[in-house]
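Work through the exercises below with the model open beside you. Try each task before reading its solution.

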Amino acid sequence: MPSPEKFHDTLLEAGVPQDVIERIDEGFPVLTSKTKKQIKALYFRQAIDVMERELGRAKTQEIFEANGCCKTGARLKASKAFARMNAALPLEEKLSKIHSTPEMNMGRPELDGHGDLVVHAVSYREGDRYICVCPTISKQAVQPEGTTYCHCCAGHFQFHYEIMLGCKLTVAEIISSPLCSGGAAPCVIRFTMDKT
């Protein structure tokens, strides 16, 4: 889940007009990472509504992808170490190794029939329902509609898979998520790959 501080930095970096930022923030004067999760969940639902209306869905998704979590620290070190140790392996072997290394916690990657990367990213469950991995969203009564919010998680996977595979990825589609399926399906993301 984006931190409100990083999210604001990304809005500015993306050139979002100040009047749009003011509409995104309306009713939420001071938000930080320490703000209650329920309030942040309401804020991000409002942000998505305003951004999709004012900026369009593609730009909104791009901004959420830039806010993917866990891009520093131990996860970044693990991705860089994986890339160094497996640079000479063919793509299919890298993908198999990512999946067979549970401590990587990077889902189950595979190539589809078109050569795109499909990552079965997160499959957390409570009983017979899949739940969103985002701690700010998963327990809230008010959740974002649609898959735009899921682009934050997609940005996390994109960032680390680009490092581990050594190629540029583009988020092509959120195939499924607990949010848009009402808990019936897990997080599955499709990426196009630039193999040059």
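Two strands pair if DSSP finds at least two bridges between them. Helices (H or I, at least four residues) and strands (E, at least two) are DSSP runs, numbered from the N terminus. The model is predicted: local features need pLDDT of at least 70, side-chain atom pairs count only at pLDDT 80 or more, and totals for chains, interfaces and linings use all residues. Residues are numbered from 1 along each chain as its sequence is written, and side-chain values use heavy atoms, with hydrogens and water left out.

**Exercise 1. Strand pairing around β2**

Task: Find how many bridges join β2 to β6, and in which direction the two strands run, parallel or antiparallel. Then treat β1 and β2 in the same manner.

Solution.
- Step 1. Start with β2 and β6. Five bridges join them, and they run antiparallel.
- Step 2. Pick a pair. Val 119 stands opposite Ile 189 in β6.
- Step 3. Move to β1 (residues 108-111). Four bridges tie it to β2 (residues 117-122), again antiparallel.
- Step 4. Assign partners. Pro 109 is bridged to Val 119 of β2. Leu 111 is bridged to Leu 117 of β2.
- Step 5. Look at the turn. β1 and β2 make a hairpin with five residues between them, and Gly 115 in the turn has a positive phi of about 85°.
- Step 6. Check burial (buried means under 20% relative accessible area, exposed over 50%, partly exposed in between; 1.4 Å probe, protein chains only). In β2, five of six residues are buried.

**Exercise 2. Packing of α4 and α7**

Task: Which residues of α4 are buried, and which elements do they pack against? Follow Glu 65 and Gly 155 in detail.

Solution.
- Step 1. List the buried residues of α4: Thr 60, Gln 61, Ile 63, Phe 64 and Glu 65.
- Step 2. Find their partners, using contact as heavy atoms within 4.5 Å. The buried residues pack against α1 (4-13), α3 (37-55), α7 and β5.
- Step 3. Zoom in on Glu 65, in α4 (residues 57-66). Glu 65 counts as buried because its relative accessibility is 16%.
- Step 4. Collect its contacts, skipping residues up to four places away in sequence. Glu 65 touches Lys 71, His 151, Cys 152, Gly 155, Gln 158 and Val 171.
- Step 5. Cross to Gly 155, in helix α7. Its relative accessible area is 2%, so Gly 155 is buried. With the same sequence cut, Gly 155 touches Glu 65, Gly 68 and Lys 71.
- Step 6. Compare chain and space. Glu 65 and Cys 153 are 88 residues apart in sequence, yet 7.2 Å apart C-alpha to C-alpha. Gly 155 and Phe 64 are 91 residues apart along the chain, with C-alpha atoms separated by 7.2 Å.

**Exercise 3. Two serines**

Task: Where are Ser 176 and Ser 177, and what do they touch?

Solution.
- Step 1. Place them. Ser 176 is in β5 (residues 168-176). Ser 177 is in the loop between β5 and α8 (178-181).
- Step 2. Test burial. Ser 176 is buried because its relative accessibility is 14%. Ser 177 is buried too, because its value is 1%.
- Step 3. List contacts beyond four places in sequence. Ser 176 meets Ala 185, Pro 186, Cys 187 and Val 188. Ser 177 meets Cys 150, Ala 185, Pro 186 and Cys 187.
- Step 4. Add a distance. A polar side-chain atom of Ser 176 lies 2.7 Å from the backbone oxygen of Pro 186.
- Step 5. Contrast with a remote residue. Ser 177 and Leu 76 are 101 residues apart in sequence and 24 Å apart, C-alpha to C-alpha.

Definitions and conventions:
Polar contact = N/O pair within 3.5 Å; in protein donor to acceptor, adjacent residues only side chain to side chain.
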